[in-house]
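Here are my notes on this one, in the order I'd talk them through. Have the viewer open while you read.

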Amino acid sequence: MNHDEPGDAIRVHGLTKKYGDHLVLDGLDLHVPVGRIFALLGANGAGKTTTVRILSTLLPFDSGQVTVAGHSLPGAAQSVRRSISVTGQYAAVDKVLTGRENLMLVAELNHLGRTESRRRTAELLDRFDLVGAADRRAETYSGGMARRLDLAMSLVAHPQVVFLDEPTTGLDPRSRREMWSVIRELADGGVTIFLTTQYLEEADELADRIAVIDGGAIVAEGTPTELKKLVNGGHVELQFADRTQFDRAAVALPGAVTDAGTLTVEVPTDGSIASLKTLLDRIDSPELSVEQFALHTPDLDDVFFALTGAPRATGSDSTKAAVR
Ligand code: ATP
């Protein structure tokens with residue numbers, strides 16, 4: 001494959017990083033074309049933050065080649081820093097300042113001058129839907145507003161590459177969707193986005209390409225469609241009140257996975273309306289009474305199961321609770 005079309009904003013080859021004896025990145029390879037959204041998908045402890053910290057010059061690495069915005073690390077760290085921004089789990093927002101003051105501060109630190117700082121601040125407040133809250137202290141902001149302000153602050157100096165480390169972890173569904181739309185707009189404006197996430201759904205919504213990281217190595221890479229083709233985790237779970245109902249359902253739904261102990265039947269689905277309608281038609285009978293109906297969409301656990309036949313590699317200090 002020719003990696004020079006349309007030009008790579010990020011190239012990583014054979015990247016390794018150790019903390020003491022602990023090998024955290026084990027020969028990582030990836031590349032991100034200019035203007036695209038790339039998602040690094042992995043569980044807690046897989047190595048996502050370490051990767052972001054290395055690519056954004058905040059952490060040294062042991063071996064490998066790393067180029068960001070055309071500059072090689074570790075040598076050209078200053079040039080890389082001028083071309084990028086990082087927002088992440090630890091926001092740069094100063095909570096005692098207002099949103100406007102936070103933005104003005106960053107603008108002045110970037111030597112934009114008073115007039116240009118004011119203009120850029122007003123533009124970003126507007127673009128990130130923070131005009132109404134501009135003169136309130138950031139400590140009064142909701143989680144979603146604080147993340148948007150953090151992202152706005154990182155854009156003051158027009159970076160070419162933006163690193164977003166788990167941009168929606170901990171946000172409610174509505175704030176998450178607002179964040180997604182802001183990220184999409186950024187990419188539409190030509191900015192390259194390197195995103196880390198624990199959520200398959202988020203990578204699927206946003207990314208042009210996804211790499212799955214596990215135990216410090218990339219275990220799969222492709223478009224969201226290519227990746228989802230690997231995953232057969234989508235199913236409807238039907239729960240029945242008694243054994244008679246359960247037995248009838250097992251006969252009516254050949255190919256389903258049945259569990260007599262819990263009286264549940266799992267029917268595979270791609271989540272499309274057509275497949276759900278077919279299923280509903282089959283169970284819509286006076287003899288069958290479904291106690292509970294739940295749709296399970298594929299998640300990170302399903303990706304790992306599809307890739308490795310096991311939930312996750314032992315190097316990840318992940319927990320079930322971390323994955324939706
Ligand atoms: P999370 O979502 O929890 O941030 P992550 O995928 O970003 O997970 P990293 O933070 O990159 O994972 O951590 C990768 C591994 O490196 C983990 O096993 C972690 O415990 C370990 N690690 C991270 N920072 C350090 C450090 N400063 N010293 C020693 N080990 C570390």
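A polar contact here is a pair of N or O atoms within 3.5 Å. Keep in mind that this is a predicted model.

1. Ligand, polar side. With that cut-off in mind, start at Ala 43: one of its polar backbone atoms sits 3.5 Å from an oxygen atom of the ligand. For Gly 47 the figure is 2.9 Å, between a backbone N or O atom and a ligand oxygen. Thr 50 brings in its side chain, with an N or O atom 2.5 Å from an oxygen atom of the ligand. On its own the ligand has 630 Å² of accessible area, and the protein covers 66% of that.

2. Ligand, the shell. How many residues surround the ligand? The count is 14, and the closest are Gly 45, Lys 48, Thr 49, Thr 50 and Glu 166. Two elements give two or more residues to this shell, namely strand 2 (22-33) and helix 1 (48-55). Helix 1 has the largest share, with three residues.

3. The chain overall. You're looking at 11 helices and 14 strands. Along the principal axes, the C-alpha atoms fill a box of roughly 75 × 50 × 35 Å. Of the 324 residues, 46% are buried. If you take contacts with a separation of 6 or more, 66% of them link residues 24 or more positions apart. The accessible surface is about 16100 Å², and carbon and sulfur atoms own 51% of it.

4. Helix 5. This helix runs over residues 143-154, and its length checks out: 12 residues at 1.5 Å each should span 16 Å, and the end C-alpha atoms are 17 Å apart. Is helix 5 largely enclosed or largely open? Nine of its 12 residues are buried, so the rest of the structure largely encloses it. Those buried residues include some polar names, Arg 148, Asp 150 and Ser 154, alongside others such as Leu 149 and Met 153. The cover over them includes strand 6 (84-87), helix 3 (99-109), helix 4 (114-127), strand 7 (161-165) and helix 6 (173-188).

5. Nonpolar cores. In soluble globular proteins, nonpolar side chains tend to be buried together. Here the largest core has 44 residues, and the members touching the most others are Leu 103, Phe 128, Leu 149, Leu 151, Ile 183 and Ile 193. Helix 6 supplies the largest share of this core, six residues. There is another core apart from it, with 28 residues, including Val 12, Val 52, Val 68 and Ile 84.

6. Leu 151 up close. Leaving out residues up to four places away in sequence, Leu 151 touches Thr 87, Phe 128, Val 162, Leu 164, Met 179, Val 182 and Leu 186. Leu 151 is also one of the buried residues of helix 5.

7. Asp 8. You'll find this residue in strand 1 (residues 8-19). Its relative accessibility is 13%, so Asp 8 counts as buried. Its side chain has a polar contact with the side chain of Arg 11 at 3.5 Å, and another with the side chain of His 31 at 3.3 Å.

8. Backbone oddities. Most residues other than glycine have a negative phi, and most peptide bonds are trans. Now look at the bond joining Leu 73 and Pro 74, which is cis, with omega about 10°. Pro 74 is in the loop between strand 5 (71-73) and helix 2 (77-83). His 158 has a positive phi, near 55°, and belongs to the loop between helix 5 and strand 7. With 54% relative accessibility, His 158 counts as exposed. Leu 263 also has phi near 55°, in the loop between strand 12 (257-259) and strand 13 (264-268). At 16% relative accessibility, though, Leu 263 counts as buried.

9. Leu 97. This one is in the loop between strand 6 and helix 3. Beyond its neighbours up to four places away, Leu 97 touches Asn 102, Leu 105, Arg 136, Arg 137 and Ala 138. Leu 195 is 98 residues from Leu 97 in sequence, and their C-alpha atoms are 27 Å apart.

Note on methods:
Residues numbered from 1 in each chain as written. Predicted model: local features only at pLDDT ≥ 70, side-chain atom pairs only at ≥ 80, totals over all residues. Heavy atoms only, no water. Helix = DSSP H or I, 4+ residues; strand = E, 2+ residues; numbered from the N terminus. Expected span 1.5 Å × (residues − 1). Buried < 20%, exposed > 50% of the residue type's maximum accessible area, 1.4 Å probe, protein only. Contact = heavy atoms within 4.5 Å. Core = buried A, V, L, I, M, F, W, Y, C linked by side-chain atoms within 4.5 Å. Near = heavy atom within 4 Å. Polar contact = N/O pair within 3.5 Å; in protein donor to acceptor, adjacent residues only side chain to side chain. Areas by Shrake-Rupley, 256 points an atom, 1.4 Å probe, with all protein chains shown as cover.
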